[in-house]
Structures are given as C-alpha cells and as structure tokens.
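This report is meant for a reader who is meeting the structure for the first time. Please look over the sequence and the model shown here before reading on.

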Amino acid sequence: MPVFGGPTKNGVGSGRPASTTTSGRPKKDPHDFADNLKIKSCPSQRQTQHALKDIKMEEPAAKRAHIVGMENDVATPQQPRMRLCIATCNRADYSKLAPIMLAAKADEDIDLSVIVLGCHLIDDYGSTYRYIEQDGIDIDSRLHTIVRGEDEAAMVESIGLAMVKLPDVLLRLEPHVLIVHGDRFDALSLAASAALMNIRIVHVEGGEISGTIDDMIRHSITKLAHYHVCCTERAHSRLLAMCEDNNAILLAGCTSYDKLLNTDTTNCTAVLEKWLPKDVQPHDYLVALQHPVTTNISKSLKMFGLMLDALLEFGKKVIVLFPNIDAGSKEMTRIMRQKGIEHHPSFKTAKHIPFDEFLILVANAGCMIGNSSAGIREAGAFGTPVINLGSRQTGRETGENVLHCREADTTEKIKQALEIQYQKQYPPSYIYGDGHAIPRIMKFLKSLDITGETQKQFVFPPMRPSHHRDIDHILERQSALAVDLGGTQLRVALIENHGDILVQTSNPTPKTNEERMSKLLEMLMNLAQKAISLNCRVLGVGISTGGRVDPRGGVVKHSTKALEGWSEVDLRTPISSMLHLPVWVDNDGNCAALGVRAFGCGKGVEDFVTIATGTGIGGGIVLGGRLIHGTDFCAAELGHTKVSLEGPPCQCGGTGCVEAYSSGLALQKEAQRLHEEGNLLTEGGHLENNEKITAKHLVEAARLGNQKAQDIMDRGAKAVASVVVNLLHILNPSRVVLCGVLAPAYIETVRNIVKKEALPSAAHAEIIASTLKEPALLGAASLVLEYATRRIY
Ligand code: UDP
C-alpha cells in the first residue's frame with residue numbers, strides 16, 4: 001500500500017504560466033502569497049532609498065520588488081517545461097520530500113526525476129527505497145554512497161563518494177532545479193555538487209536550529225542554496241539574518257503536516273498489533289527513537305544505555321527503533337543487543353516503520369522518548385508527551401508536550417521524566433505546519449526563473465563603508481531605531497544602549513495607513529543612514545504604537561480612535577524587509593512601562609504599574625518582572641478604567657473612563673469651554689490671536705491661580721487617583737509610576753488621595769512621577785536592546 005497519497009494530474013497548482021523576473025528571483029503573486037505565506041521582500045538599503053518615496057504599504061509584493069531593483073523586469077518569456085530533480089537520502093528526508101515528489105509527478109508542467117542515495121539502499125537501515133517504489137515513484141538513479149564504519153571518518157568518505165558519483169547523474173538529468181532537504185551529511189554532498197554545476201537548489205527546512213553537527217551542515221546548505229522553503233516564522237527570520245534574499249524564501253510549513261493533519265490516527269488496532277508486544281492498549285506504550293550525537297558520541301552512547309535501563313525499569317511496553325546511520329550507530333545497536341532488548345517480552349524493535357503507521361504509533365503513544373526530530377515535529381501535532389534527551393534537538397521550537405532532559409546522566413533522572421510525562425495530556429501544537437505546504441511549494445516552484453542566471457545574491461545589512469579605522473569599530477555603539485506612533489505625532493529616534501537619544505525626528509502623524517507607513521519607512525531609512533555616520537550599530541527597530549498590538553506577530557490588531565483605520569496592520573514585515581533588521585512592536589502604554597523599567601524608576605522593580613498621560617491615557621503592568629499583555633493584548637488599557645457610573649462620554653464609546661476626565665484631550669475640551677465662556681485667561685496669562693487652545697493653557701491657568709481651571713485639574717487628578725487605588729487593590733504593586741506631560745500636574749493630588757483611600761496594606765506603594773523624557777520611545781528601544789544584546793539563535 002502506498003504510504004503517501006498524492007494529488008491527481010493537474011490537482012495542485014498546475015497550468016499557471018511561470019512568472020519570473022530577469023534577475024532570476026521568483027516573482028511573487030501577492031494575492032496568493034503575501035498574506036498567507038508572509039513572503040517579504042528584502043532589498044538592499046541603497047535600492048530602498050531610491051524607491052522609498054514611491055512605496056505604499058498595500059502595494060503588492062511584486063510591485064515592491066519592481067520598485068526596489070527589478071527595474072529590468074520585462075514581459076515574461078515562455079519558460080520551458082521544468083526538469084525538477086528531488087534527491088532523497090534516508091527515511092527522515094523522504095517523509096518530507098515524498099509529498100513534493102507526488103505533487104510534482106502529478107503536475108503536467110514538471111518533469112520529475114528522483115535520485116535515491118545514502119542509507120535508503122542499506123538493509124541495516126530498513127532498505128527504505130522500497131517504500132519509495134511502493135508509493136509509485138520512479139527512481140531514476142540509485143547511488144550507493146555510504147562507506148560503512150559508522151564513524152566520523154566514514155561520514156566524510158561517504159560525502160566524498162557521493163560527490164564522485166553525483167556529477168554523472170546530474171549531467172545526464174540536467175535538472176533546472178534540485179530539491180534538497182535538511183541537515184544530513186548526504187544532503188551536503190548534493191548541495192555542493194549542484195552549486196558547483198550551476199543547478200538551482202531549493203533547500204527544504206533551512207533556518208532551523210538544533211544541536212550537533214546538523215546545525216553546521218544545515219546552515220552550510222543554506223549558503224549553497226538559491227531558494228529556501230522553511231517551516232516557521234523563526235526559521236524565516238534566521239534565513240534573513242543569514243543574509244538570504246527574502247524574495248527567495250517561502251514560508252510554507254512542514255510538508256509532512258499535509259499528511260499528518262489529514263490522517264485518521266484513531267483507527268489504530270492493527271498498527272499497534274503489528275509493531276508492539278501483545279495486548280497493548282492505545283496510550284499505554286512508548287515509542288523510543290534515539291540517534292547518536294556526532295559531536296559527542298561517547299556521551300550519547302552512555303545516554304542511550306541509560307534510556308534503555310530506565311525503560312526496562314519503568315516496565316511498560318515499548319517499540320524501540322534502531323538509530324540512523326550517523327557515527328556511533330553501530331555501537332548503539334550493540335548496546336541494544338547487550339541489554340537483550342530484541343528478545344525482551346515488553347519490547348519490540350524495528351529498523352523502520354512506514355510513515356503512515358509511524359504516525360499512528362506516535363499519535364497513540366503514552367509517551368515518546370529519545371532525540372528524534374519526530375518528537376519535536378510530528379508528536380507536537382498530536383499532543384503526545386515527549387521526553388527529549390540530550391542536545392540533539394537543542395534550540396528547536398517545541399510545543400508544550402516536550403519535556404527536555406538535557407543532562408540525562410542517570411537512570412533515575414530519566415525515570416522521573418517518564419513518571420512526569422507518561423500518559424499526560426497536552427493540547428496539539430501546530431508550530432511547524434498547517435497542512436497546506438504542498439500547494440504553496442508547487443506555486444513557488446512554478447514561479448522560479450529556470451532559464452536566467454544562477455548567480456546567487458546575498459543581501460547584507462547596511463554597513464559602514466570600511467572598517468580600516470579599527471578603533472572606530474571597537475567604539476561602535478550598539479543602538480536601536482525607536483518609533484513612537486501616536487495620534488498626533490510620529491517620532492523616530494536613534495537610541496543607544498544606555499538610553500541616550502542621539503537623534504530624534506518628528507512629523508505630524510499622517511491620516512491614512514498608506515501615508516503613515518510610507519512616512520515611517522522614509523524616516524527610518526534616513527535615520528539608519530545617519531546611524532552609520534554616527535558610528536552606531538543598529539540592532540533592530542522597536543515600535544511603540546497606539547492600538548492593541550500582538551507583539552509576537554508584530555501586528556496592530558485594533559486601532560484606537562486617535563489612529564483611525566490602524567487595524568490589522570503588519571508593521572514587522574514591511575519594515576523588516578525594507579531595513580533588513582529585526583522589528584519588535586508593542587502598544588505605547590506597554591512601551592512606556594518598558595522604558596521606565598529599562599531606563600527609569602522601574603529598574604530592578606518586580607511589580608509596578610505605569611500610567612502614561614498624553615493625548616489619551618495608556619498603561620503598562622509589570623508583574624514578576626514580566627509585562628502583562630492579556631489574552632487579546634488588551635491588558636493595561638488603563639485609560640478605559642471606569643471611575644464613575646455616569647461620567648462623560650469617552651472616545652471608546654463608553655462613559656466614565658478616566659481618559660474622559662484626565663487625558664490631554666479631555667483637558668483641552670474643558671480649556672476650550674472655559675475660553676468660550678471667557679474664563680480661561682488669568683492675570684499673567686497670555687494668548688495670541690487665533691492661538692489653538694490646548695491642555696497646556698488649562699495647566700498654566702491653574703498654576704496662575706484660576707480656580708475654575710484648578711477644579712478641572714483636580715477632577716482629572718482625582719480620576720487618576722481612583723485608578724491608582726483600584727490598581728493597588730487589584731495588583732498590590734510596589735510602585736506606581738505616572739509618566740507623560742500631565743504627571744507633574746497630577747502627582748501630589750494622587751498621592752494625597754491614595755494615602756486616604758487605599759487599604760493600609762496596599763498604601764505602602766510608592767507613587768512616583770517619572771522624569772524620563774520619552775518613556776515610550778525608550779521602551780521601544782529597550783524592546784530591541786534587551787532582546788538583541790542577549791539573544792542566542
Ligand atoms: N520516520 C518514519 N518511520 C520511522 C522513523 C522515522 O517514517 O520508523 C520518519 C518520520 O517522518 C520522522 C523522520 O523519519 O519524523 C525523522 O526521523 P529520525 O528520527 O529518523 O530522524 P531525525 O529527523 O531525528 O534525524
């Protein structure tokens with residue numbers, strides 16, 4: 001029975017004419033890709049500057065690409081039929097490549113050829129080429145490329161042997177494109193051969209991180225590959241960080257999820273009977289799959305022995321898979337034999353289990369243990385509990401289901417992990433895919449230019465022209481570009497590591513989203529250029545904006561009244577693409593809190609709240625050192641805390657919010673009213689003809705003794721004090737920080753009211769007016785500086 005079901009002829013994305021640019025990069029179909037696949041364009045800084053003034057946020061990606069340097073784009077010439085070659089080396093890559101092979105085979109516009117090499121052809125590793133044949137895939141070339149020995153030198157010789165054999169095959173097949181998967185040593189020989197022979201390489205699953213030699217191999221293949229099909233946002237970001245061209249990256253998701261999310265795993269009796277000892281029940285057995293760690297073989301052998309001992313003592317039924325061919329695997333097999341695993345009544349062993357049956361076993365397991373990528377990728381989608389041993393998957397993104405046991409140096413430790421994880425229930429996680437990778441990949445493949453130049457372009461971030469003056473380089477300052485996008489002003493600053501604002505520019509906030517985005521990009525590009533001349537190394541862009549923000553996605557979810565239409569705006573993608581820098585985004589109230597934490601009186605304070613006064617009123621809550629965002633990113637919207645039942649209408653549509661009493665806008669309205677009544681001007685005050693009345697006039701009038709103005713200010717302060725008292729009773733923070741222009745005007749009244757009205761045990765909190773000039777801008781910078789200076793990829 002075939003393992004992978006494939007689409008029918010014409011089933012997936014066939015028949016669309018190829019669309020390319022003469023620069024050799026795929027030309028994006030914005031309506032298909034830009035939204036779903038998050039393809040971004042990454043021009044160089046110089047290109048960008050020329051094009052900036054023409055850019056509109058919602059311009060299709062293809063048009064952007066044209067603007068930023070694909071000027072030679074001409075009518076697409078008719079492309080020849082694509083000769084696509086896919087090479088598979090082992091069962092691990094086959095489970096990811098098979099769906100692509102089947103879709104390509106069914107596609108009339110593609111001539112598929114398949115090369116099989118590596119341990120697919122070795123009996124000790126399950127002769128897995130048979131499953132390829134069973135799937136109905138014609139194998140064009142079988143290459144014996146494994147030099148046995150299963151040690152480090154044998155891996156190197158195997159690469160050499162493959163590189164001796166591959167040129168003949170590639171010369172014969174003449175592929176336009178070769179697809180290579182992952183991080184195994186065989187894949188390196190494929191990529192190196194194809195690159196040297198000017199064959200376009202599409203690398204699947206680049207940008208991920210894990211332990212062992214795999215990382216180095218995977219990233220080396222990234223450098224050799226012309227195009228990348230990756231699985232997660234983070235992988236995508238890392239590819240960009242590795243200076244890969246964004247136009248050459250497709251974020252598709254993991255191909256095996258297309259199968260995995262469409263498999264009924266509940267019908268499992270036959271599979272369990274086949275692969276496990278007798279009378280086993282679903283969720284009452286384990287799957288063990290552990291491979292050698294080639295960078296520390298002796299440690300991984302010890303760990304393997306300890307895992308088997310722990311499983312023997314745990315006493316449950318287990319299917320143990322033999323390890324892959326990496327250096328050390330022979331020794332592992334010997335350990336299994338020494339411990340009598342193959343003949344133990346509670347154990348069964350297998351060299352390989354066909355993918356669809358493997359999925360059913362993983363989905364129904366009480367626990368999976370070892371260091372296979374399957375524990376991280378496939379098991380997550382089923383919520384199967386996993387114990388990940390050692391360093392082989394270090395750094396991979398995981399769901400909640402994975403318990404890491406990095407130093408698995410005693411049987412006891414592993415047994416404890418088994419006690420914790422066995423039969424525990426976890427929600428499924430879909431970090432690696434949504435089940436729609438294949439249609440995306442097929443469209444991407446068809447968009448490649450298969451006739452143009454194969455010269456690869458790397459996209460380097462903006463750089464100083466030269467570093468020959470070494471002392472300058474040493475003195476280079478780490479810094480961030482910070483943005484504060486408010487209802488009235490759009491401000492951008494270059495801020496260095498210690499919070500010094502080196503340059504700041506400001507413009508009125510444009511009215512439409514397109515204008516805002518365009519102006520923002522222009523201001524950022526100018527400042528990035530300036531940073532170079534100021535000897536600053538810009539680590540990223542931090543954005544403080546009004547509205548509810550999803551900081552993980554870098555997206556403004558819902559606008560506020562002050563920034564109309566500013567909803568569902570992805571700030572990260574266009575800015576990151578344009579500047580080739582990482583981008584962080586958060587709400588302005590939250591950013592003010594972060595600014596206070598990084599550079600102000602919140603430094604080192606575990607629990608504090610900020611109330612930011614400006615045109616509106618924002619807030620930020622830090623508890624246990626962490627900023628609180630809430631379920632829908634709506635936490636700390638303190639401006640809309642109700643302080644009266646029948647209060648004045650608020651911009652949010654409600655009534656009685658503190659913002660309706662105490663914000664700059666509320667005070668401005670009151671100042672205007674007093675002015676119209678002729679009650680604003682006081683002795684010593686001054687008003688120009690036609691001068692616009694603002695909150696400042698009210699504050700000034702109060703200062704000069706205008707009682708009516710003072711009453712309004714007191715009311716504003718009282719409303720803020722009510723919020724503070726409520727916060728003290730809800731959160732019991734040790735500090736409340738008022739920031740923004742109105743903080744000095746409110747602080748005394750707030751302190752007095754809190755002293756009287758807060759419960760004694762909550763009233764100890766310090767109420768402080770922040771002296772930070774630009775808390776939101778500084779907070780935006782801290783998003784970058786705090787993350788970027790301690791990040792580990
Ligand atoms: N796999 C399979 N049958 C097996 C073991 C593994 O189909 O018996 C597939 C499965 O898709 C799994 C992948 O091979 O995710 C990788 O497994 P393995 O642990 O061999 O390699 P790794 O990716 O950890 O190097």
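## Pairing in the six-stranded sheet

Two strands are taken to pair if DSSP finds at least two bridges between them. The model described here is predicted, and in it strand E9 (residues 317-321) and E10 pair in the parallel sense over four bridges. One residue of this pairing is Val 318, whose bridge partner in E10 is Phe 347.

These two strands belong to an open sheet of six strands, which follows the order E10-E9-E8-E11-E12-E13 with parallel pairing. Its edge strands are strand E10 (347-350) and strand E13 (402-405), each of which pairs on one side only, and the twist from one strand to the next averages 20°. Helix H14 (residues 355-363) lies across strand E8 (285-289), E9 and strand E11 (367-370), and the helix runs at about 125° to E8.

## A strand covered on both faces

In a regular strand the side chains alternate between the two faces of the sheet. Strand E6 (residues 227-230) has both of its faces covered, with Tyr 227 and Val 229 buried on one side and His 228 and Cys 230 buried on the other. Strand E5 (residues 200-204) pairs with E6 in the parallel sense over three bridges, and Val 204 stands opposite Val 229 in E6.

## The annotated binding site

Which residues does UniProt list for "binding site"? The record, an unreviewed entry, gives His 640, Cys 650, Cys 652 and Cys 657 under that name. Although these residues are spread over 18 residues of sequence, they cluster in space, the largest C-alpha distance being 8.7 Å. Of the residues listed, His 640 and Cys 652 are included in the lining of the second largest pocket.

Two of the listed residues can be described in further detail, beginning with His 640, which lies in the loop between strand E24 (626-627) and H23. With a relative accessible area of 27%, His 640 is partly exposed, because that class covers values between 20% and 50%. Leaving aside neighbours within four places in sequence, His 640 is in contact with Cys 650, Cys 652, Cys 657 and Glu 659. Cys 650 is likewise found in the loop between E24 and H23, but is Cys 650 buried or exposed? Cys 650 has a relative accessibility of 9% and therefore counts as buried, the cut-off being under 20%. When residues up to four places away in sequence are not counted, Cys 650 touches His 640, Thr 655, Cys 657, Glu 659 and Ala 660.

## Helix H27 and its surroundings

Helix H27 (residues 743-757) has 15 residues and reaches 20 Å from its first C-alpha to its last, which is close to the 21 Å expected at 1.5 Å a residue. Within H27, the residues Ala 743, Tyr 746, Ile 747, Val 750, Ile 753 and Val 754 are buried. What do the buried residues of H27 pack against? Their partners are strand E22 (608-613), strand E25 (735-740) and strand E26 (766-769), together with helix H23 (659-662), helix H24 (664-676) and helix H26 (707-731).

## The chain as a whole

The secondary structure of the chain comes to 28 helices and 26 strands, and buried residues make up 59% of its 793 residues. Among the contacts in the chain with a separation of 6 or more, 70% are accounted for by residues 24 or more positions apart.

How values were computed: Residues are numbered from 1 along each chain as its sequence is written. This is a predicted model: local features need pLDDT of at least 70, side-chain atom pairs count only at pLDDT 80 or more; totals for chains, interfaces and linings use all residues. Side-chain values use heavy atoms; hydrogens and water are left out. The expected span of a helix is 1.5 Å times one less than its number of residues. Buried means under 20% relative accessible area, exposed over 50%, partly exposed in between (1.4 Å probe, protein chains only). Contact means heavy atoms within 4.5 Å. UniProt positions are given in the numbering used here, feature names are shortened, and annotations may be inferred rather than shown by experiment. On a 1 Å grid over the protein atoms alone, a cavity is a set of points where a 1.4 Å probe fits but cannot get out, and a pocket is an open set with protein on both sides within 12 Å along at least five of seven lines; lining residues have an atom within 4 Å of a point. Axes are lines fitted to C-alpha atoms, for helices over the stretch in contact, and angles run from 0 to 180 degrees between N-to-C directions.
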